[in-house]
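Student: I should like to work through this model with you, from its surface to a single side chain. May we begin once it is displayed?

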Amino acid sequence: MIIAIDLDDILANTLEKFIKFHNKKFSTNLTINDFTSYDLRDIKKISNEEEAKRLKMFDDSEYFDTIEPIEGSQSSISQLSKDHEIIVVTARTENVAKKTTAWIQKKFPEIKRIIFISKSYKKSSLPPILFYL
């Protein structure tokens with residue numbers, strides 16, 4: 001069987017690092033409980049452009065580079081991969097594809113396929129563009 005699984009906050013503890021980054025960089029006091037939406041612009045009442053800018057800043061930060069796996073995710077993937085093919089499907093953008101792939105190869109060597117479903121943070125009326133690594 002093929003099992004597709006999301007990356008952020010399923011395998012990677014991304015939100016925790018993003019909150020630390022945002023609180024430090026923008027002098028906020030965000031907590032995990034503030035995230036009732038996937039869109040920062042809804043939480044902070046900022047424009048799409050400002051949201052894209054902040055997310056790109058996070059992608060380029062040391063916080064992004066030090067994201068750790070969710071507790072138990074590595075052993076779970078190891079166990080599942082014994083009998084199944086695991087594919088990561090992520091909305092991470094093209095600008096972090098290489099870093100994301102390297103992170104997955106290091107932290108989850110059993111995962112051989114990654115599907116990226118977004119090219120950028122800009123909102124569009126077009127459907128997402130798929131690209132594979």
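Student: What share of the exposed area of the chain do carbon and sulfur atoms supply?

Tutor: The model is a predicted one. Its chain exposes about 8300 Å². Of that area, the part supplied by carbon and sulfur atoms is 54%.

Student: In what pattern do the helices and strands follow one another along the sequence?

Tutor: The chain holds 6 helices and 4 strands. Read along the sequence, their pattern is β-α-α-α-α-α-β-α-β-β.

Student: Which residue of E3 is the bridge partner of Val89?

Tutor: Strand E2 (residues 85-90) and strand E3 (residues 113-116) run parallel and are joined by 4 bridges. Together with helix H6 (residues 97-107), E2 and E3 make a right-handed β-α-β unit. Within E3, the bridge partner of Val89 is Ile115.

Student: Does Lys99 count as buried, partly exposed or exposed, and why?

Tutor: Lys99 has its place in helix H6. Buried would require under 20% relative accessible area, and exposed over 50%. Because its relative accessibility is 33%, Lys99 counts as partly exposed.

Student: Which residue offers the backbone oxygen that the side chain of Lys99 reaches, and at what distance?

Tutor: Leaving aside neighbours within four places in sequence, Lys99 is in contact with Asp59, Asp60, Phe64 and Asp65. Of these, Phe64 is 35 residues from Lys99 in sequence, with a C-alpha to C-alpha distance of 9.5 Å. The backbone oxygen reached by the Lys99 side chain belongs to Asp59, at 2.6 Å.

Key
Residues are numbered from 1 along each chain as its sequence is written. This is a predicted model: local features need pLDDT of at least 70, side-chain atom pairs count only at pLDDT 80 or more; totals for chains, interfaces and linings use all residues. Side-chain values use heavy atoms; hydrogens and water are left out. Helices (H or I, at least four residues) and strands (E, at least two) are DSSP runs, numbered from the N terminus. Accessible areas come from the Shrake-Rupley method with a 1.4 Å probe; for residues, only the protein chains shown count as cover. Two strands pair if DSSP finds at least two bridges between them. A crossover is right-handed if, with the strands pointing away from the viewer, the path from the first strand over the helix to the second runs clockwise. Buried means under 20% relative accessible area, exposed over 50%, partly exposed in between (1.4 Å probe, protein chains only). Contact means heavy atoms within 4.5 Å. A polar contact is a pair of N or O atoms within 3.5 Å; within protein, one must be able to donate a hydrogen and the other to accept it, and residues adjacent in sequence count only if both atoms are side-chain atoms.
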